[in-house]
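Okay, thanks for squeezing me in. I'll put the structure up and then walk you through the bits I'd like you to look at.

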Amino acid sequence: MSGKYLVTGGAGYVGSVVAQHLLEAGHEVTVLDNLSTGFREGVPAGATFIEGDIRDAGKWLDSTYDAVLHFAAFSQVGESVIKPEKYWDNNVGGTMALLGAMREAGVRKLVFSSTAATYGEPVNTPITESDPTAPTSPYGASKLAVDHMITSEAVAHGLGAVSLRYFNVAGAYGAYGERHDPESHLIPLVLQVALGKRDAISVFGDDYPTPDGTCIRDYIHVADLAEAHLLAVDAATPGEHLICNLGNGNGFSVREVIETVRQVTGHPIPEVVAPRRGGDPAVLVASAQTARERLGWNPSRADLAGIVADAWAFAQARQEESGS
């Protein structure tokens, strides 16, 4: 059965892919984005676009909406350390206003874009939802604060909510992929080397307690991630706040990612070893058992080469469009 959904931050990377999946499933989609980090061309054709702030969601949200999928947030870990007030104000204050607008309009389903950064330095591998949350950045802390807010809203006001804690999202879905500025994610950064936009890729630390000395991360294809959001809308239950990790349950090291990009692109990728960055755990891998059991989610694109190939096709297409 088709529904009507508000997608906040739907001009960004993950939000745009989820909006496209919703449209393909026959739903009516409205994207709300202030374009502070999103891109107008990222809004899928077929979606209604409102350029505006989540604090003003009450202007457009009404009882005809079945659910809100909430992606609007600042997400740069390093920036959050330098400008924590920006993250508390937008990520927490903005979401509080959104929850109020939802309550006022009688919209009682929410899917929230959370993050593995809520866990901080992991106690166990793979990480489960019951592991301690101890974020090491204001960004992670702001997302955890929102999770606590949502729990309270569910208990007090009957909201049905699902928080999805992403691990390393990567890849592209047709015309929708990563276009962050500045870019901070490994795969698009390595692809910039292949495109000639950067001389080498920096490897931050090669002395970690891992097989090749570099950090290991759990990569999930953005299309698998999007499918989890559609399942989460259906799973949202009044009065319950369900939290699910989204990952593939296995990890790839920084050097494995670089080597995979070499193989996919056919380009030599020079690398330069740099000092470790503070707060980078050696291994971050998810247990997604809860998502499998509660959402019926079965990611099908776990192959790293396939993830890189999709991202590479998107990066090449963007370069051709820009003529650079």
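Before I start, one bit of vocabulary: when I say buried, I mean under 20% relative accessible area, and exposed means over 50%, with partly exposed in between. And please keep in mind that this is a predicted model.

So, helix 5 to begin with. Which of its residues are buried? We have Leu-186, Ile-187, Pro-188, Leu-189, Val-190, Leu-191, Val-193 and Ala-194. That's eight of the nine residues of helix 5, so this helix is largely enclosed by the rest of the structure. What do those buried residues pack against? The list is strand 7, strand 8, strand 10, helix 7 and helix 9. If you carry on just past the end of helix 5, you get to Gly-196, which takes a positive phi of about 80°.

Helix 5 turns up again in the second largest pocket. That pocket has a volume of about 300 Å³. It is lined by 17 residues, and the closest to its centre are Glu-178, Gln-192, Lys-197, Ala-315 and Arg-318. Helix 5, residues 186-194, and helix 9, residues 304-322, each supply at least two residues of the lining. Which helix gives the most? Helix 9 does, with six residues. As for chemistry, the lining splits into seven nonpolar, five polar and five charged residues.

Now let's zoom out. The domain assignment cuts the chain into domain 1, which is 4-170 plus 219-246, and domain 2, which is 172-217 plus 250-323. On the contact between them, 43 residues come from domain 1 and 35 residues from domain 2. Taken over C-alpha atoms, the two domain centres are 23 Å apart. People often give the size of an interface as the accessible area lost when the parts come together. Here, the area buried between domain 1 and domain 2 is about 3500 Å², and carbon and sulfur atoms give 63% of that. Which residues of domain 1 lose the most area to domain 2? Those are Tyr-13, Tyr-219 and His-221, together 23% of what that side buries.

Next, a couple of backbone oddities. There's a cis peptide bond joining Thr-125 and Pro-126, with omega about 0°. Pro-126 sits in the loop between strand 5 and helix 4. Then there's Leu-35, which has a positive phi of about 60° although it is not a glycine. You'll find Leu-35 in the loop between strand 2 and strand 3, and at 24% relative accessibility it counts as partly exposed.

Last stop, two side chains. His-229 is in helix 6, residues 222-235. Is His-229 buried or exposed? Its relative accessibility is 0%, so it counts as buried. Leaving out neighbours within four places in sequence, His-229 is in contact with Val-18, Leu-69, Phe-71, Val-111, Leu-164 and Tyr-166.

Then look at Trp-88, in helix 3, residues 84-105. Trp-88 is partly exposed, with a relative accessible area of 39%. Not counting residues up to four places away in sequence, Trp-88 touches Gly-93, Pro-138, Ala-141, Ser-142 and Ala-145. For a sense of scale, the C-alpha atoms of Trp-88 and Gly-266 are separated by 43 Å, and those two residues are 178 residues apart along the chain.

That's my tour, and I'm happy to take questions.

Technical notes:
Residues numbered from 1 in each chain as written. Predicted model: local features only at pLDDT ≥ 70, side-chain atom pairs only at ≥ 80, totals over all residues. Heavy atoms only, no water. 1 Å grid on protein atoms, 1.4 Å probe; cavity = no way out; pocket = protein on both sides within 12 Å on 5 of 7 lines; lining within 4 Å. Points joined across faces, edges and corners; volume = space filled by probe spheres on them. Helix = DSSP H or I, 4+ residues; strand = E, 2+ residues; numbered from the N terminus. Nonpolar A, V, L, I, M, F, W, Y, C, P; charged D, E, K, R; others polar. Buried < 20%, exposed > 50% of the residue type's maximum accessible area, 1.4 Å probe, protein only. Contact = heavy atoms within 4.5 Å. Domains from an automatic or database assignment. Buried area = accessible area lost by both parts, 1.4 Å probe.
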